[in-house]
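Hi,

Here is the structure I promised to pass on, with my notes underneath. Have it open while you read, and click on the residues as they come up.

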Amino acid sequence: MNSDQYREHGKKMIDLSADYLDNIRDRKVLPDVSPGYLKHLIPSEAPLLPEPFEKILADVERVIMPGVTHWHHPNFFAYFPTGNSYPSILADILSDTLGVIGFSWISSPACTELEVVMMDWLAKLIGLPEHFLSTSETGGGVIHTAASEATLFTMFVARDVTSKQLTNPREMVVYASKLAHSSVERACLLGAVQYRPLGYDDNYSLRGVTLEQQVLEDRDRGLTPFYVVATLGTTSCCSFDNLKEIGEVCQKYGLWLHVDAAYAGSSFICEENRHFMSGIETVDSFNFNPHKWLQIQFDCSALWVKDKNKLVSAFHTDPVYLQHANQSEAVDFRHWQIPLGRRFRSLKLWFTFRSLGVNGLQKHIRSYMQLADYFSNLISTSDLFELFRPRSMALVCFRARGSNDQNKMLISRINSEREIHLTPSEIDGVYFLRLAICSTSTTHEDLDNAFRIINDTFSQL
């Protein structure tokens, strides 16, 4: 394919992209395929000779679309949202065109320097303290692939810091709420440290007294507490740990405090949501995913640290082939992450922020919360359903007034019809359904339709 053909086919690809999103309502939100469907639609070996791009493009509809779950469909209410906007898509085209691998400043100065500035922009947008900015003495931000990488990475840094402080550290222990994301437990498995999932209060919030009690018990047993994850917006029900209380305990016992705000962090661009960040000044690292709710394409997970020197110290390797003349005065992000290579992800932030503006992003966040409020009112006024807990952010947790088995049958039947897509959760033996606002095209009418489907389906059980 030469540049003239690229221009021709690129226009067709842009049209396909726009047509897909414009007409996504015409598709079922969930695919109707079985595992292994795709291998029967394509040859078992790669072609020896080139094929025309028109044929490849035609096969997108024949081979790929039947197996796609449509995350941007107005009837997609599962998990949490994944970001989407045309400026972000266009930024990824530029990133792929440039093809830089920005592991160090010299490997592409613009890649490094734009990321530094964009992370400062974003930190200011959500109200982080100044000590997280690159302009402070030791703070700064970096873009990771996902919140799970940020948790694993900061856990390794905290383990390194603690190991250097103690002559003979005993078995090390990590703490988080029982409602923390499963990636915390997985990070502990990878890091070969003990994991202490802790209980929560009536609001599903981890409290400082619970953490302190367990820390003291573990210290008495000769163990070494070293790392705590506070979740702001849990996956199951979007509850918020008490960051202020947890921070006070961490400071008292010298524990690294990491905040996982993967979903809810985007909402902090609206000042009325920042009360959940009370105690943020005690935090060592803070992470959220703009690629969830801030109209940025995956992958773009923002991580800030109070002391970047601890990162560099823990992960510093300096082979001759990676050295450059400016490394003493420039940021080399290879020391700030687990992989070496990295994409030009900050272009997505730059394009999107400039195209939509802060006001546009705030309007987007508030509109999702207003839609969730609307659906919450439908549930709360129903005789058949009840809220599991009050609406939190743009997530509504609810259940049919019946047994767990009935609710399991309900969601299974709903998803099998493929008109809407929901996911469940279970807390303290109570099984419930989750409806998250995930699409920019979702309307009040879509929620009325979703409620009708849920209501009719339950009535037919």
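**The nonpolar cores**

The largest nonpolar core has 101 residues, and the members that touch the most others are Phe286, Trp304, Phe375, Phe398 and Leu422. Helix H11, residues 346-380, is the top contributor to this core, giving twelve residues. There is also a second, separate core of 28 residues, and Ala150, Leu152, Val161 and Val184 are among them. As background, nonpolar side chains tend to be buried together in soluble globular proteins. Bear in mind that this is a predicted model.

Try Phe375 as a place to start. What does phenylalanine 375 contact, once its neighbours within four places in sequence are left aside? You should find Val396, Phe398, Leu435, Leu447, Phe451 and Ile454.

**Two helices side by side**

Phe375 also turns up where H11 meets helix H13 (residues 444-459). On the H11 side you'll see Leu371, Tyr374, Phe375, Leu378 and Ile379, and they meet His444, Leu447, Asp448, Phe451 and Ile454 of H13. The two axes come within 10 Å and cross at roughly 30°. Angles under 35 degrees count as roughly parallel, so H11 is roughly parallel to H13. The crossing of this pair is right-handed.

**Helix H4**

Next, have a look at H4, which runs over residues 109-126. Its 18 residues reach 26 Å from the first C-alpha to the last, close to the 26 Å expected at 1.5 Å a residue. The buried residues of H4 include Cys111, Leu114, Val116, Met118, Leu122 and Ile126, but also Thr112, Glu115 and Asp120. What covers them? Among the elements that do are strand S1 (140-144), strand S6 (285-288), helix H9 (290-293), strand S7 (301-305) and H11 again. Right after H4 comes glycine 127, with a positive phi near 85°.

**Some odd backbone spots**

Most residues other than glycine have a negative phi, and most peptide bonds are trans. Here are a few places to check against that.

- Glutamine 295 is not a glycine, but its phi is positive, near 65°. You'll find glutamine 295 in the loop between H9 and S7, and it is buried, at 13% relative accessible area.
- Aspartate 299 lies in the loop between H9 and S7 too. The peptide bond leading to it from phenylalanine 298 is cis, with omega near 5°.
- Methionine 393 has a positive phi as well, near 55°. It sits in the loop between strand S8 (385-392) and strand S9 (395-400), and it counts as buried at 4% relative accessibility.

**Two glutamines to compare**

Is glutamine 214 buried or exposed? Its relative accessible area is 17%, and the cut-off for buried is under 20%, so glutamine 214 is buried. It lies in helix H7 (residues 208-220). Apart from neighbours within four places in sequence, glutamine 214 is in contact with Tyr175, Arg196 and Leu198.

Glutamine 406, in helix H12 (residues 404-417), has a relative accessible area of 34%. That value falls between the 20% and 50% cut-offs, so glutamine 406 is partly exposed. Leaving out the same span of sequence neighbours, glutamine 406 is in contact with Phe458 and Leu461. Its C-alpha is separated by 37 Å from that of glutamate 61, which is 345 residues away along the chain.

Cheers

Notes. Residues numbered from 1 in each chain as written. Predicted model: local features only at pLDDT ≥ 70, side-chain atom pairs only at ≥ 80, totals over all residues. Heavy atoms only, no water. Core = buried A, V, L, I, M, F, W, Y, C linked by side-chain atoms within 4.5 Å. Buried < 20%, exposed > 50% of the residue type's maximum accessible area, 1.4 Å probe, protein only. Contact = heavy atoms within 4.5 Å. Expected span 1.5 Å × (residues − 1). Axes fitted to C-alpha atoms, helices over the stretch in contact; angles between N-to-C directions. Parallel < 35°, antiparallel > 145°, perpendicular 65-115°, else oblique. Left-handed = near helix turned anticlockwise from the far one by under 90°.
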